[in-house]
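Visitor: Please take one part of this structure and go through it closely, then say how other parts are built. I am in my first year, so explain each term when you use it.

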Amino acid sequence: MVTTRLPSAGFSITIRIAVTADASSIGRLTTCVGEAGAIVTALDVVDSDPSHVVVDLTCDTADSGHADQVVKQLEDQDGVDVRKVSDRTFLLHLGGKIEVNSKVALRNRDELSRAYTPGVARVCMAIAENPADARRLTIKRNTVAVVSDGSAVLGLGNIGPAAAMPVMEGKAALFKRFGGVDAWPVVLDTQDTDEIVKIVKAIAPAYGGINLEDIAAPRCFEIEARLREELDIPVFHDDQHGTAICVLAALTNALRVVGKRMEDVRVVVSGAGAAGTAIMKLLMRQGVGDIIAYDRKGALHRGMPDLNESMQWLAENTNKANYAGDLPGAIVGADVFIGVSAPNLLTGDDIAKMAEKSIVFAMANPDPEVDPREARKHAAIVATGRSDQPNQINNVLAFPGVFRGMLDASAEEFTEEMALAAARAIADVVGEDKLNPTVIVPSVFDPRVTPAVAAAIRAVVRGGPAPANPAATPESELDKAPEGIF
């Protein structure tokens, strides 16, 4: 039985196999894996003798069950001895993914005396006299807390703080890799709103920004609002604002490709939680024509009972025709579908009923709201959240540059103007001469993205235009130094 799901590097396995040493043995292995629906990504010979060869075969599978199926089909082959199966994702996580490194050498008493006592006391007193210097004389100027209560982790739900740690570690690693930002996981063993706000306020002096992560809606809205009100450093909920920025950037370029204007399109958004709500509010701020919000309760419309405060706002401020039907009905004639919800809600036939030159962003992970292969038969542009598909809409395009810019400019808050500026910067990195249906966003590895976003954020904070070539104008160490140090 072959899986219909898409294989992914997230379910990559390496299988150590001993096979008879004949001319066709290796070919039989790769054929077997392919027939099982997996994708061979590497094959290395690790040992041999006159009668056998031992190989490490690495392949991408669709999920754990599919991986077991691939192994079983190999074991059933004549002359094949499966000796060991390694899950490459678990191997990568052994011992965690991040660590702390010292920026200064401590090789002798002289260096120790300046980094620690007695020399450090002078720096402490300087900060006590002028607390603003903490941003420049400590790690505060480049450090972000990645805060989660583990209540809405990826698509896994409420799995708690310990189980959330691998995601928060990964987030911290992305901050460093793409933005040069030192981030640290702060997972909290409480889901009480008041307690979370109190804890984050208490630890805030050590950080230059707070990145809220994987906190369930609607509680996340209140936590973010209260922390923004009570802290003098930026508070950014990536599930909301990072996603919204990237979706707006992708939609900006998608509309350029299909020749439609933002103010003329009708958008259907599946998912009215944290991400979906932020997406819709940012699109409305950008002047989108109309939006229908769809959630488990159905299409949000005026007069709908038992809505929380956030959904009530959406019901009153979207859906001009007050549509009250199901999701397939909502997308009939729609120009854009945006999914941040659950897998397999739509079919290719549903997409066929959208407007001409339709745009589909199906971003549920790992399985989108509609199979992208089916969607492409009918939509002009299809994007997902998957790294193995064209047009990956990934928050890593936004949050490293957003925080890089806010930290560089000593911003005290994150604003909607910053979100709009970041989206424009991401969209413009692609360039009109490079745009096409399979390239509407830059690669997450494009080195121009973070500098462009950071420059746009600094420009908003400082009230000036972003530089034409942001990559050529990074913040210098001298720019960051407090007055009187140099």
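Guide: What follows starts with one sheet, moves to a second sheet, and ends with two residues in loops.

This is a predicted model, in which local features need pLDDT of at least 70 and side-chain atom pairs count only at pLDDT 80 or more, while totals for chains, interfaces and linings use all residues. Residues are numbered from 1 along each chain as its sequence is written, and side-chain values use heavy atoms, with hydrogens and water left out.

The first sheet is open and has 4 strands in the order β2-β3-β1-β4, with antiparallel pairing. Its edge strands are β2 (39-48) and β4, each of which pairs on one side only. On average, neighbouring strands in this sheet are turned by 20 degrees against each other, direction ignored. Such angles are taken between axes, which are lines fitted to C-alpha atoms (for helices, over the stretch in contact); angles between N-to-C directions run from 0 to 180 degrees. The strands themselves are DSSP runs of E with at least two residues, the helices are runs of H or I with at least four, and both are numbered from the N terminus. Two strands pair if DSSP finds at least two bridges between them.

Strand β1 (residues 8-20) has partners on both sides in the order given. With strand β3 (residues 52-61), β1 forms 10 bridges, and the two run antiparallel. With strand β4 (residues 80-87), β1 pairs over 7 bridges, again in the antiparallel sense. Residue T14 can be followed in both directions: T14 stands opposite T58 in β3, and the bridge partner of T14 in β4 is S86. Helix α2 (residues 64-75) packs on this sheet and touches β1, β3 and β4, and its direction makes about 15 degrees with that of β1. Touching, or contact, means heavy atoms within 4.5 Å. In β4, residue D87 is the bridge partner of I13.

The second sheet is also open, with 4 strands in the order β6-β5-β7-β8, but here the pairing is parallel. Strands β6 (182-187) and β8 (235-237) stand at the edges with a single partner strand each, so one side of each has no neighbour in the sheet. The twist averages 25 degrees from one strand to the next. Strand β7 (residues 209-212) is joined to β8 by 3 bridges and runs parallel to it; N211 stands opposite F236 in β8. Helix α7 (residues 161-179) packs on this sheet, touching β5 (143-148), β6 and β7, and its direction makes about 170 degrees with that of β6.

Two loop residues complete the picture. N395 is in the loop between β14 (381-384) and α16 (399-408). N395 is buried, with a relative accessible area of 15%; buried means under 20%, exposed over 50%, and partly exposed in between, with a 1.4 Å probe and protein chains only. Neighbours within four places in sequence aside, N395 is in contact with D238, G242, T243, C246 and P400. The side chains of N395 and T243 are joined by a polar contact of 3.1 Å. A polar contact is a pair of N or O atoms within 3.5 Å; within protein, one must be able to donate a hydrogen and the other to accept it, and residues adjacent in sequence count only if both atoms are side-chain atoms.

N322 lies in the loop between α12 (309-317) and α13 (327-330), and counts as partly exposed at 26% relative accessibility. The side chain of N322 reaches the backbone nitrogen of R302 at 2.7 Å.
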